[in-house]
Amino acid sequence: MFPSATYRVFSSRSVRALTRLTARQLQYWDETGFLKPTIATRKGRGTLRLYSFQDLVALKVAAELRGTLPLQTLRRVVAYFQKLDYTSPLAQVHFCLGRGKVYFREAGVTREAHRPEQSLIEGTVPIREVLAELGSQIDRLDARTPGRIERRRGVMSGKRVIAGPRIPTAQIWSQVKEGLDADDVRKGYPGLTRKDIDAALAFEKRTRASRRSA
């Protein structure tokens with residue numbers, strides 16, 4: 001439905017903005033293996049969790065279902081579908097809420113999530129609403145000024161970052177100095193634009209020149 005978003009990579013910050021999940025929830029779900037980022041998991045200070053669009057859809061659905069289902073029940077539902085060879089059940093199976101219960105559609109039959117082995121009703125359970133909301137949210141998230149550099153207290157230890165994706169300018173500089181070109185850098189950080197990279201390099205060049213002359 002959103003081919004441009006399907007091939008994107010989302011940082012944990014973007015995921016939090018799009019799903020309203022907290023950093024603690026994302027960390028806990030990653031570390032316990034419930035919903036792990038498939039692009040890159042965090043491996044120490046300075047590294048990022050990177051999520052695919054399918055990861056994002058699964059997290060969005062999980063965030064919606066958490067208001068109705070206890071986490072351990074949600075885990076059982078996911079485990080049930082994983083046994084049926086679904087790699088990302090919350091992004092692949094259609095769910096809906098009704099009368100305080102959660103239903104999903106699998107193999108042409110709609111079942112209640114509390115008892116996934118028991119068939120309840122026939123019908124369709126579309127996921128279009130979730131995708132439509134994500135599409136609108138991603139458009140709003142993308143509405144930023146490319147090439148703007150900022151520094152905020154409590155964000156990346158006060159380092160200068162690209163406004164929006166909050167990638168440190170020094171990190172971009174280091175990657176280019178290691179031999180990567182702008183296209184290579186953007187593969188690792190798809191949220192960056194060419195203008196972001198040019199601005200980061202120009203800022204780091206000025207800063208380092210100033211330090212040498214001081």
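In which strand is Ser-52 found? In this predicted model, Ser-52 belongs to strand S2, which covers residues 50–52. With a relative accessibility of 12%, Ser-52 is classed as buried, because the threshold for burial is under 20%. When neighbours within four places in sequence are set aside, the contacts of Ser-52 are with Arg-8, Phe-10, Thr-38 and Ile-39.

The protein chain as a whole contains ten helices and eight strands. Of its 214 residues, 39% are buried. Among contacts in the chain with a separation of 6 or more, 52% are between residues 24 or more positions apart.

Two helix pairs were examined in terms of their axes and contact residues. In the first pair, helix H2 (residues 12–19) and helix H4 (residues 53–65) have axes that come within 10 Å and cross at roughly 40 degrees. The two helices are therefore oblique to each other, and the crossing of H2 past H4 is right-handed. On the H2 side, the contact is formed by Val-15, Leu-18 and Thr-19, and on the H4 side by Leu-56, Leu-59, Lys-60 and Ala-63. By class, the residues of this contact comprise five nonpolar, one polar and one charged.

The second pair consists of helix H8 (residues 169–177) and H10, whose axes lie 9 Å apart at an angle of about 95 degrees. H8 is therefore roughly perpendicular to H10, since angles of 65 to 115 degrees fall in that class. H8 contributes Thr-169, Ala-170, Ile-172, Trp-173 and Val-176 to the contact, while H10 contributes Ile-197, Ala-200, Leu-201, Phe-203, Glu-204, Lys-205 and Arg-208. The residues of the contact between H8 and H10 divide into eight nonpolar, one polar and three charged.

Helix H10, which spans residues 194–213, also contains Asp-196. The relative accessible area of Asp-196 is 0%, so this residue counts as buried. A polar atom of the Asp-196 side chain is placed 2.8 Å from the backbone nitrogen of Thr-193. Apart from neighbours within four places in sequence, Asp-196 is in contact with Arg-144, Pro-146, Gly-147, Arg-148, Ile-162 and Gly-191.

One of these partners, Arg-148, is situated in the loop between helix H7 (128–142) and strand S7 (149–150). Arg-148 has a relative accessible area of 42% and is therefore partly exposed, whereas Asp-196 is buried. Besides Asp-196, the residues in contact with Arg-148 are Val-161, Ile-162 and Ala-163, again leaving aside neighbours within four places in sequence. Ile-162 thus appears in the contact list of Asp-196 and in that of Arg-148. A further relation in this region concerns Lys-195, whose C-alpha atom is separated by 8.9 Å from that of Arg-148, although the two residues are 47 residues apart along the chain.

A backbone feature was noted at Arg-20, which is located in the loop between H2 and helix H3 (23–31). The phi angle of Arg-20 is near 70 degrees, a positive value in a residue other than glycine. Arg-20 has a relative accessible area of 75% and is therefore exposed, the cut-off for that class being over 50%.

How values were computed
Residues numbered from 1 in each chain as written. Predicted model: local features only at pLDDT ≥ 70, side-chain atom pairs only at ≥ 80, totals over all residues. Heavy atoms only, no water. Axes fitted to C-alpha atoms, helices over the stretch in contact; angles between N-to-C directions. Helix = DSSP H or I, 4+ residues; strand = E, 2+ residues; numbered from the N terminus. Parallel < 35°, antiparallel > 145°, perpendicular 65-115°, else oblique. Left-handed = near helix turned anticlockwise from the far one by under 90°. Contact = heavy atoms within 4.5 Å. Nonpolar A, V, L, I, M, F, W, Y, C, P; charged D, E, K, R; others polar. Buried < 20%, exposed > 50% of the residue type's maximum accessible area, 1.4 Å probe, protein only. Polar contact = N/O pair within 3.5 Å; in protein donor to acceptor, adjacent residues only side chain to side chain.
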